[in-house]
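Biologist: I'm new to this one. Could you walk me through it?

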Amino acid sequence: ALPWDLEGRRVVISAGGTRESLDPVRYLGNRSSGRQGYALARIAAHRGADVTLVAAHTADLITPAGVRLIKVGTAEEMRSVMLAEADGADAVVMAAAVADFKPVNRVEHKIKKTERDPEPVALARNPDILAEIVEARSAGKLSASLIVGFAAETGDASSSVLDHGRAKLARKGCDMLVVNAVGEGMAFEVEDNSGWLLGDDGTEERIAFGAKSLLASTLWDSVGRRLSDQ
Ligand code: C5P
């Protein structure tokens, strides 16, 4: 029963947007505020969980009381922290916006202004942290009871946000996926969120439009249920 239903559970949450360095002062980044991840951490701690929050760049947010905060910069840094922290966790929730690409070269000195147009920036793929955690569990390299991903989707002519979410849940191989409808001022840099919570057990729960803490509560309800059924 609330509010201590996550007591004794260890949860690891990623939040914010990674920044991929171009030179000592410049980076490639994204608009993630970290608000959803912080809300997940706050609610989980409030419900008694032992919470580790792995945060890349975020807006100016208050670290929730009782939460262990680990700050990271790049996707590579987040990857190594997440792989270490995920081991033995009851739930791993990847709410971070991880940059898909990074500059091939991180220039050591500040790139100088020139008279001519600069060379294009060559990019390389970043690791998919969520997929790697799932893979490591399958290979028996780490144990984590529930692995939860997030997906920001827009519908298109042929399929809906929900269809994209179902496909991504299967592709990523995680146990649960929160699908957010994005675009037109939804999800990023705002206080509210909405979407679907999909489970690999076939459950599909609509998350009504509302505060990010509401989405967090819905997620922990479902995680708590699944953990106590295991
Ligand atoms: O494929 P897509 O980027 O939409 O997947 C989103 C999910 O995957 C989120 O949970 C995000 O944190 C995670 N992710 C990741 N590593 C990446 C890209 C996304 O862990 N390089």
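Modeller: A definition to start with: a salt bridge is a side-chain nitrogen of Lys or Arg within 4 Å of a carboxyl oxygen of Asp or Glu. The side chains of Arg 26 and Asp 23 fit that, with N to O at 2.5 Å. Keep in mind that this is a predicted model.

Biologist: Is Asp 23 buried or exposed?

Modeller: Asp 23 is buried, because its relative accessible area is 1% and the cut-off for buried is under 20%. Its partner Arg 26 counts as partly exposed, at 35% relative accessibility.

Biologist: How many salt bridges does the structure hold?

Modeller: The structure holds 16. One of them joins Lys 102 and Glu 76, whose closest N and O atoms are 2.8 Å apart.

Biologist: Where do Lys 102 and Glu 76 lie?

Modeller: Lys 102 is in strand β7 and Glu 76 is in helix α2, residues 75–86. They are 26 residues apart in sequence, so the pair ties those parts together. Lys 102 is partly exposed at 22% relative accessibility, and Glu 76 is partly exposed at 34%.

Biologist: What does Arg 9 form a salt bridge with?

Modeller: Arg 9 pairs with Asp 90, and their closest N and O atoms are 3.8 Å apart. This pair links distant parts of the chain, 81 residues apart: Arg 9 sits in the segment before β1 (10–15), and Asp 90 in strand β6, residues 89–94.

Biologist: And which side of that pair is buried?

Modeller: Asp 90 counts as buried, at 15% relative accessibility. Arg 9 is partly exposed, at 23%.

Biologist: Which residues are linked in a network of salt bridges?

Modeller: Asp 5, Arg 47 and Asp 221 are linked in one.

Biologist: Change of topic, the ligand. Which residues are around the ligand?

Modeller: Met 94, Ala 96, Val 98, Asp 100, Pro 127, Asp 128, Ile 129, Leu 130, Gly 149, Phe 150, Lys 168 and Lys 172.

Biologist: What do the backbones of Ala 96, Pro 127 and Phe 150 do there?

Modeller: A polar backbone atom of Ala 96 is 2.7 Å from an oxygen atom of the ligand. For Pro 127, a backbone N or O atom lies 2.8 Å from a ligand nitrogen atom. Phe 150 has a polar backbone atom 2.9 Å from an oxygen atom of the ligand.

Biologist: How much of the ligand's area does the protein bury?

Modeller: The ligand exposes 450 Å² when taken alone, and the protein buries 85% of that.

Biologist: Now the surface. Which residues make the nonpolar surface patch of about 350 Å²?

Modeller: Leu 28, Phe 101, Val 121 and Leu 123 make that patch. Phe 101 belongs to strand β7, which covers residues 101–103.

Biologist: Why does Phe 101 count as partly exposed?

Modeller: Because its relative accessible area is 45%, and partly exposed runs between 20% and 50%.

Biologist: Last one, Ser 33. Where is the place of Ser 33?

Modeller: Ser 33 is in the loop between β3 (27–28) and α1 (35–46). Its relative accessible area is 7%, so Ser 33 is buried.

Biologist: What lies 3.1 Å from the side chain of Ser 33?

Modeller: The backbone nitrogen of Arg 35 is 3.1 Å from a polar atom of that side chain.

Methods:
Residues numbered from 1 in each chain as written. Predicted model: local features only at pLDDT ≥ 70, side-chain atom pairs only at ≥ 80, totals over all residues. Heavy atoms only, no water. Helix = DSSP H or I, 4+ residues; strand = E, 2+ residues; numbered from the N terminus. Buried < 20%, exposed > 50% of the residue type's maximum accessible area, 1.4 Å probe, protein only. Polar contact = N/O pair within 3.5 Å; in protein donor to acceptor, adjacent residues only side chain to side chain. Patch = residues over 30% accessible without salt bridge, like charges linked within 9 Å, V, L, I, M, F, W, Y side chains within 5 Å. Areas by Shrake-Rupley, 256 points an atom, 1.4 Å probe, with all protein chains shown as cover. Near = heavy atom within 4 Å.
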